[in-house]
Amino acid sequence: MRLEYFQLIDRIVALDLDARTLKAHAQVPQTSTIFEGHFPGHPLMPGVLLIESMAQASGWLIIALTKFERMPFLAAVRDAKLRTFVLPGQALTLTASLVHEGSGFAITKAAIEADGKPVADSEITFRMMAFPDPKFRASMEQVAAAIDFPVTVRG
Amino acid sequence: MSSTFDTVANIIAETCDIPRDTIKPESHAINDLGIDSLDFLDIAFAIDKAFGIKLPLEQWTQEVNDGKATTEQYFVLDNLCARIDGLVAAKGA
């Protein structure tokens, strides 16, 4: 994770276009200024960033399914559950699956596990729009390359 | 078997917490019921699932923005239900 760049996914490890699922890994950094405030003497990964990491995993799934033609923008988070604390240095596994692709929107279910135990899950809605600026798309392509998008594609 | 209108009205009532008896065939989803675009995504999701279709929201929005159609044509519930029926019929054709 590069928290200061809001890049919360380190690596996409599996992408199945038939099953419409994605799996990714993320390593919570050992140190970050975020942990100085959240919380002094008791550093915890903020829940909102866990939700954002699920949104990013879902977003990459949608980008893959729409063949990089559309950008998913976070629109709604439903039934978000933060089941346990996440500490600096923990390794996270994120999964996302497409629930529905509508006209101009998509809905996913996403989850996080650490050490095989559930950490968080949610249903997430995105608006899908054309990339509003070529620079934006180019920057997303750079991030895509950095996180091995995709490592293995089926479908 | 419930009508298309009953199904849609029930979806709107449940999704947007609007009293069911205030939802009429002549109601405009936006102007009369106050449904915003984000809530309408939830409604579209439920309608897509209930009828096995994909409401062409992007096309409708484009047509309204281009002045080729009015919101009444798509978002007055009577008209919306007629379009749903058309999509269902086209799917079965």
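Q: What makes β4(A) and β5(A) a strand pair in this predicted model?
A: Eight bridges join β4(A) to β5(A). Two strands pair if at least two bridges are found between them, so eight bridges qualify them as a pair. The two strands run antiparallel. One register point is S97(A), whose bridge partner in β5(A) is K109(A).

Q: What links β4(A) and β5(A), and which residue in the turn has a positive phi?
A: The two strands form a hairpin, with three residues between them. In the turn, G104(A) has a positive phi of about 85°.

Q: How do you know that β2 of chain A pairs with β4 of chain A?
A: Count the bridges. Strand β2 (residues 21-27) and strand β4 (residues 91-101) of chain A share seven bridges. The cut-off is at least two, so the pair counts. Its sense is antiparallel. K23(A) stands opposite T95(A) in β4(A).

Q: Why is A91(A) called buried or exposed?
A: A91(A) is in strand β4 of chain A. It has 12 C-beta neighbours inside 10 Å. Exposed means 12 or fewer, so A91(A) counts as exposed. A91(A) touches H25(A), Q27(A) and A114(A), leaving aside residues up to four places away in sequence. The C-alpha atoms of A91(A) and R127(A) are separated by 29 Å, with the two residues 36 apart along the chain.

Q: What makes M45(A) buried or exposed?
A: M45(A) has 30 C-beta neighbours inside 10 Å. The cut-off for buried is 20 or more, so M45(A) counts as buried. M45(A) sits in the loop between α1 (33-37) and α2 (47-65) of chain A. Its contacts are V28(A), L50(A) and V86(A), not counting residues up to four places away in sequence.

Q: How far apart are M45(A) and V86(A), in sequence and in space?
A: They are 41 residues apart in sequence. Their C-alpha atoms are 5.3 Å apart.

Q: What kind of peptide bond joins H38(A) and F39(A), and what is omega?
A: The bond is cis, with omega about 0°. F39(A) lies in the loop between α1 and α2 of chain A.

Q: Why is M1(A) placed in its exposure class?
A: M1(A) has 18 C-beta neighbours inside 10 Å. Buried needs 20 or more and exposed needs 12 or fewer, so M1(A) falls in between and counts as partly exposed. M1(A) is in the segment before β1 of chain A. Among the residues it touches are Q7(A), L8(A), A26(A) and V28(A). M1(A) and P132(A) are 131 residues apart in sequence and 26 Å apart, C-alpha to C-alpha.

Q: What is said of the phi of F6(A), and how do you know whether F6(A) is buried or exposed?
A: F6(A) has a positive phi of about 60°, although it is not a glycine. F6(A) lies in the segment before β1 (11-16) of chain A. With 11 other C-beta atoms within 10 Å, F6(A) meets the limit of 12 or fewer, so it is exposed.

Q: What is the phi of R20(A), and what is its exposure class?
A: R20(A) has a positive phi of about 60° and is not a glycine. R20(A) lies in the loop between β1 and β2 of chain A. It has 19 other C-beta atoms within 10 Å. Buried starts at 20, so R20(A) is partly exposed.

Q: How do you know that the span of helix α3 of chain A agrees with its number of residues?
A: Helix α3 (residues 134-146) of chain A has 13 residues and should span 18 Å at 1.5 Å a residue. Its end C-alpha atoms are 19 Å apart, which agrees.

Q: Why is α3(A) said to lie largely in the open?
A: The number of buried residues among its 13 is zero, so α3(A) lies largely in the open. D148(A) follows α3(A) and has a positive phi, near 60°.

Q: What describes the crossing of α1(B) and α5(B)?
A: The axes of α1 (residues 4-16) and α5 (residues 77-92) of chain B come within 9 Å and cross at roughly 115°. The crossing is right-handed. T4(B), F5(B) and V8(B) in α1(B) meet L77(B), L80(B), C81(B), I84(B) and D85(B) in α5(B). By class, this contact has six nonpolar, one polar and one charged residues.

Q: What makes up the contact of chain A with chain B?
A: Nine residues come from chain A and 10 residues from chain B. On the side of chain A, β3 (70-82) and β5 (105-114) each give two or more residues. That side has four nonpolar, five polar and no charged residues.

Methods
Residues are numbered from 1 along each chain as its sequence is written. Chains are lettered from A and ligands numbered from 1 in the order in which they are written. This is a predicted model: local features need pLDDT of at least 70, side-chain atom pairs count only at pLDDT 80 or more; totals for chains, interfaces and linings use all residues. Axes are lines fitted to C-alpha atoms, for helices over the stretch in contact, and angles run from 0 to 180 degrees between N-to-C directions. Helices (H or I, at least four residues) and strands (E, at least two) are DSSP runs, numbered from the N terminus. A crossing is left-handed if the near helix is turned anticlockwise from the far one by less than a right angle, and right-handed if clockwise. Two residues are in contact if their C-beta atoms, placed from the backbone, lie within 7 Å. Ala, Val, Leu, Ile, Met, Phe, Trp, Tyr, Cys and Pro count as nonpolar, Asp, Glu, Lys and Arg as charged, and the others, Gly among them, as polar. The expected span of a helix is 1.5 Å times one less than its number of residues.
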